[in-house]
Amino acid sequence: MRRKLSTFSGQVHAEHIYDVIYCARGQAENLIKMHKSQLASDRTSCRSPIANQVRLVLHTAAYWLMLTLREAVPTTHHLRNAEFATLRLRLLKLGARVIETVSRIRLAFAAACPEASLFRAIASNLLPEGP
């Protein structure tokens with residue numbers, strides 16, 4: 001049996017309030033916490049407020065790039081909901097040889113790289129959709 005709460009616009013289910021409002025607020029707090037802790041955006045130690053503001057803007061740009069990277073991971077992969085520190089260690093801090101030609105950029109990974117196939121999937125997810 002669902003409990004109903006009365007509002008000005010009618011009846012609203014308690015589950016709806018929990019799922020839509022309460023959980024979304026908690027998720028927003030988790031994302032702010034991740035922004036501060038894993039991207040070091042809480043370190044505004046410069047005396048100039050403009051320098052601190054520029055630093056925060058750069059950290060926010062890095063945050064959006066990391067979100068885009070995480071959303072490009074296939075839904076069935078275990079890194080789909082990984083924290084930024086895990087993504088940084090598993091996907092960004094890798095050694096690869098970059099071969100740049102006129103028409104493409106190739107990455108040559110080591111034979112033992114565990115995430116080489118994931119890079120192909122992410123690259124295909126990040127490609128713009130053509131006509």
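**Exercise 1. Find which elements of the protein have the lowest and the highest mean pLDDT.**

Solution. Start with the score itself: pLDDT is the predictor's confidence in each residue, from 0 to 100. Elements are DSSP runs numbered from the N terminus, with helices (H or I) of at least four residues and strands (E) of at least two. Strand β1 (residues 4-7) has the lowest mean, 48, and strand β3 (residues 96-100) has the highest, 91. Next, look at residues 1-6, where the pLDDT is below 50; beyond near neighbours in sequence, this stretch has 13 contacts (heavy atoms within 4.5 Å) in the model. Finally, take the whole protein: the average is 79, and 83% of the residues score at least 70.

A note before we go on: this is a predicted model, so local features need pLDDT of at least 70 and side-chain atom pairs pLDDT 80 or more, while totals for chains, interfaces and linings use all residues. Residues are numbered from 1 along each chain as its sequence is written, and side-chain values use heavy atoms, leaving out hydrogens and water.

**Exercise 2. Describe the salt bridge and say which parts it ties together.**

Solution. A salt bridge here is a side-chain nitrogen of Lys or Arg within 4 Å of a carboxyl oxygen of Asp or Glu. The structure holds one: E115 pairs with R90, and the closest N and O atoms are 2.2 Å apart. Now place the partners: E115 lies in the loop between β4 (105-109) and α4, and R90 in helix α3, so the pair ties together parts that are 25 residues apart in sequence. Last, check accessibility, where buried means under 20% relative accessible area, exposed over 50%, and partly exposed in between (1.4 Å probe, protein chains only). E115 is buried at 4%, whereas R90 is partly exposed at 31%.

**Exercise 3. Work out which elements give two or more residues to the largest nonpolar core.**

Solution. Such a core is a set of buried Ala, Val, Leu, Ile, Met, Phe, Trp, Tyr and Cys residues joined through side-chain atoms within 4.5 Å. This one has 15 residues, and L79, F84, L87, L91, L118 and I122 touch the most other members. The elements are α2 (49-72), α3 (84-92) and α4 (116-126), with α2 giving the most, five residues. To zoom in, take L118: leaving aside residues up to four places away in sequence, L118 touches V73, P74, H77, L79 and L91.

**Exercise 4. Decide whether L58 is buried or exposed.**

Solution. First locate L58: this residue sits in helix α2. Its relative accessibility is 57%, so L58 counts as exposed.
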